[in-house]
Amino acid sequence: LDELWKAPRALVATLAPRGARSPFDAVVVSGDLAQRAEPWEYDELLDFTERALLPLVPGGDRARVVFVPGNHDVNWADSAARFKNVQSFLDRFYTGAPSVRHRRLDLTHADEAERWSAHVFPDHGVAFYGFSTVDRADRLGGAASLSRAAVSRASEHAAAHARGMTR
């Protein structure tokens, strides 16, 4: 990750010279967080995020780093616990961060209507909502889709907590 981060790090340094305010209000990491959904990949990502991404957002606020996993975050070898490793990462990273407005993604929730995340920033008039598209997917990527129940539940949350915001 550090090797991949060299060019973006140089760009970020031009945006926020030492001692300046954080250059970003939020950072969104969307898509594959890992290559093979192995526990060590998420350990490395957690370390990298704490060293490189948290300093980019005001106060190092974990709720301002938005993670939305992709199909490479599914452990296809263990269908019963296919989201276990990525969920463990999300739980470790967001522990203590989310509130009513910030809702951590729970890929292992028994009710698919609850498999969505929210990061709402009223001070900036923006809200990010994340959804799993691989709940019903198979190892070849077939049948990827959004859960209508999850979208409906997130819409209710947006109506209550993100009215009038870009979402």
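Two residues are taken to be in contact when heavy atoms of one lie within 4.5 Å of heavy atoms of the other. With that in hand, here is how this predicted model is put together.

The protein chain holds four helices and four strands, and from the N terminus on they come in the order α-β-α-β-α-β-β-α. Of its 167 residues, 39% count as buried. Contacts reach a fair way along the sequence: taking those between residues at least 6 apart, 59% join residues at least 24 apart. On the outside, the chain exposes about 9,200 Å², with carbon and sulfur atoms supplying 53% of that area.

Helix α2 is a handy place to look more closely. It covers residues 39-53, and because each of its 15 residues should add 1.5 Å, a span of 21 Å is expected; the end C-alpha atoms sit 20 Å apart, which agrees. Which residues of α2 are buried? They are Glu41, Tyr42, Leu45, Leu46, Phe48, Thr49, Ala52 and Leu53. An α-helix has 3.6 residues a turn, so residues three or four places apart point the same way. As for partners, the buried residues of α2 pack against two strands, β1 (27-30) and β2 (65-68), and against helix α3 (84-94).

Helix α3 contains phenylalanine 89. This residue counts as buried because its relative accessibility is 0%, and the cut-off for that label is under 20%. Setting aside neighbours within four places in sequence, phenylalanine 89 is in contact with Leu33, Tyr42, Leu45, Leu46 and Phe67. Tyr42, Leu45 and Leu46 also appear among the buried residues of α2, while Phe67 falls within the range given for β2 (65-68). Aspartate 43 is 46 residues away from phenylalanine 89 along the chain, yet their C-alpha atoms are separated by 7.5 Å.

Then there is the empty space inside. Rolling a probe the size of a water molecule over the atoms shows where such space is left. The count comes to two cavities of 30 Å³ or more, and the largest has about 60 Å³ of space. What lines the largest cavity? Its lining is made up of Pro69, Gly70, Asp73, Val74, Phe83, Leu105, Leu107, Ser132, Thr133 and Val134. Sorted by class, that lining has six nonpolar residues, three polar ones and one charged. Asp73 is the charged one, because Asp belongs to the charged class.

Notes. Residues numbered from 1 in each chain as written. Predicted model: local features only at pLDDT ≥ 70, side-chain atom pairs only at ≥ 80, totals over all residues. Heavy atoms only, no water. Buried < 20%, exposed > 50% of the residue type's maximum accessible area, 1.4 Å probe, protein only. Areas by Shrake-Rupley, 256 points an atom, 1.4 Å probe, with all protein chains shown as cover. Expected span 1.5 Å × (residues − 1). 1 Å grid on protein atoms, 1.4 Å probe; cavity = no way out; pocket = protein on both sides within 12 Å on 5 of 7 lines; lining within 4 Å. Points joined across faces, edges and corners; volume = space filled by probe spheres on them.
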